[in-house]
Amino acid sequence: MPQEATFITRLDHADGARLWVAVKDLIDMAGLPTTSGSKVIAARALPAGHDAACLAGTRVAEAAGEVAIVGKTNMHELAFGVTGINPWFGTPANPFDPRLVPGGSSSGSATAVATDQADVAYGSDTGGSIRIPAACCGIVGLKTTLGRVPLDGVLPLAPSLDTVGPMAATVAGVVAGMRLLEPGFQPASGIASTVGRVRLPAEDWVDTAIDSALRAAGLRTADLALDGWDAATEATAVILGSEAWSIHEALWREHAGELSPDVAARLQKSSTITAAQIGAARAQATAWDVELQQAFARADLLALPTIATTPPAVEDAARLTEIRYVSPFNLAGLPAIALPVATHTTKRRPVPASLQLVAPAGAEELLCATAAAIEEAAGFRP
């Protein structure tokens with residue numbers, strides 16, 4: 001299986017380190033250029049003068065010989081896409097089937113973990129960019145609460161939505177990644193007592209796998225509707241697009257023909273977003289926050305699919321935008337974890353179902369503890 005497209009920059013490292021860590025190439029590392037998966041940016045990028053703030057704990061562990069940073073990972077250009085396809089640095093291969101998309105934008109971080117080239121990888125999640133590739137590649141990915149992990153030294157896409165978080169093969173690996181991003185992080189001592197099961201259109205085998213996993217872990221569930229889901233999805237797209245345009249307008253105006261066609265088209269579309277649309281999206285975000293607060297008054301966590309079915313083929317990559325269930329939680333700034341669960345169906349699936357758990361702001365500890373219990377009871381085993 002081709003693996004060279006997983007990394008933009010490979011680094012020599014000590015074999016004796018306990019953890020191998022990979023870093024998405026929109027996070028500054030001192031002495032290395034930050035490309036954001038873009039040939040235009042790469043051509044003029046100078047070595048970063050300082051590490052991004054989120055790498056402070058990793059550098060301490062590296063100095064102690066506990067961690068080795070193995071490289072900077074490939075990504076969807078500018079982090080502005082969900083497929084992980086990159087025409088400039090190559091497209092990381094889906095570890096289950098290279099004919100399927102790896103998911104984006106943190107595609108290289110996901111494949112680095114899935115192909116045992118890293119124990120922990122850092123990704124960014126603005127509209128699902130950690131959870132989508134985690135689902136496509138059968139690993140665990142944690143979107144952190146907005147503002148919990150510092151973003152100084154991380155190239156922005158949409159500052160009111162951007163987050164950084166860890167990806168790993170297991171929940172324990174994600175916890176290890178959180179301890180590097182936030183020294184002292186510790187999962188909760190208990191798990192969720194009630195989980196609100198949110199039902200959105202998905203293939204039966206995905207819903208069955210999720211329900212079976214929750215039941216196997218002994219979690220009490222109750223169906224819970226989120227009536228504002230579609231409106232929140234649309235509002236997220238407006239806010240993300242408008243902020244991405246404000247960040248990258250000059251780049252598009254000077255180099256549109258040198259950007260990935262899908263990224264250039266998305267930026268051009270974003271340029272037409274009006275102030276009235278942004279205002280309506282902000283109002284919808286407020287209403288969405290209220291709806292989620294009401295949901296969390298009834299349940300400790302929410303559970304739903306990360307994606308509705310098997311990842312699409314590379315030639316049908318755009319369909320991934322229609323089957324993902326992630327971005328409204330970016331709008332609310334909430335933490336969410338995606339983890340693979342066993343399907344237990346007679347038909348072998350190329351990629352396991354991905355369960356997404358969502359918590360109130362700041363409750364990553366409960367998310368990780370509950371996800372670990374589900375993983376032990378019904379996690380996917382290759």
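In which sense do strand E7 and E8 pair, and over how many bridges? Keep that in mind while you load the model, which is a predicted one.

**Stop 1: the E7/E8 pair.** Select residues 194-197, strand E7. Add 220-223, strand E8. The two pair in the parallel sense, over four bridges. For one specific link, pick Val 195: its bridge partner in E8 is Thr 221.

**Stop 2: the whole sheet.** Now show every strand of this sheet. It is open, has eleven strands, and its pairing is mixed. Walk across in the order E1-E3-E2-E4-E6-E5-E10-E11-E9-E7-E8. At the edges sit strand E1 (7-10) and strand E8 (220-223), each pairing on one side only. From one strand to the next, the twist averages 25°.

**Stop 3: a helix on the sheet.** Select 364-378, helix H12, which packs on the sheet. Helix H12 touches strand E5 (140-143), strand E9 (301-305), strand E10 (336-341) and strand E11 (353-358). Compare directions: H12 makes about 5° with E10.

**Stop 4: the largest core.** Switch to side chains. The largest nonpolar core holds 108 residues. Start from Ile 27, Leu 302 and Ile 374, the residues with the most contacts inside it. Then select 229-255: this is helix H7, which gives the most to this core, ten residues.

**Stop 5: the other core.** Apart from that core lies another, of 14 residues. Pick out Val 70, Ala 118, Ala 134 and Met 167, which are among them.

**Stop 6: back to Ile 27.** Show what surrounds this residue. Beyond four places away in sequence, Ile 27 touches Thr 34, Ala 52, Cys 54, Leu 55, Lys 72, Tyr 122, Gly 153, Val 154 and Val 164.

Notes: Residues numbered from 1 in each chain as written. Predicted model: local features only at pLDDT ≥ 70, side-chain atom pairs only at ≥ 80, totals over all residues. Heavy atoms only, no water. Core = buried A, V, L, I, M, F, W, Y, C linked by side-chain atoms within 4.5 Å. Buried < 20%, exposed > 50% of the residue type's maximum accessible area, 1.4 Å probe, protein only. Contact = heavy atoms within 4.5 Å. Pairing = 2+ DSSP bridges. Axes fitted to C-alpha atoms, helices over the stretch in contact; angles between N-to-C directions.
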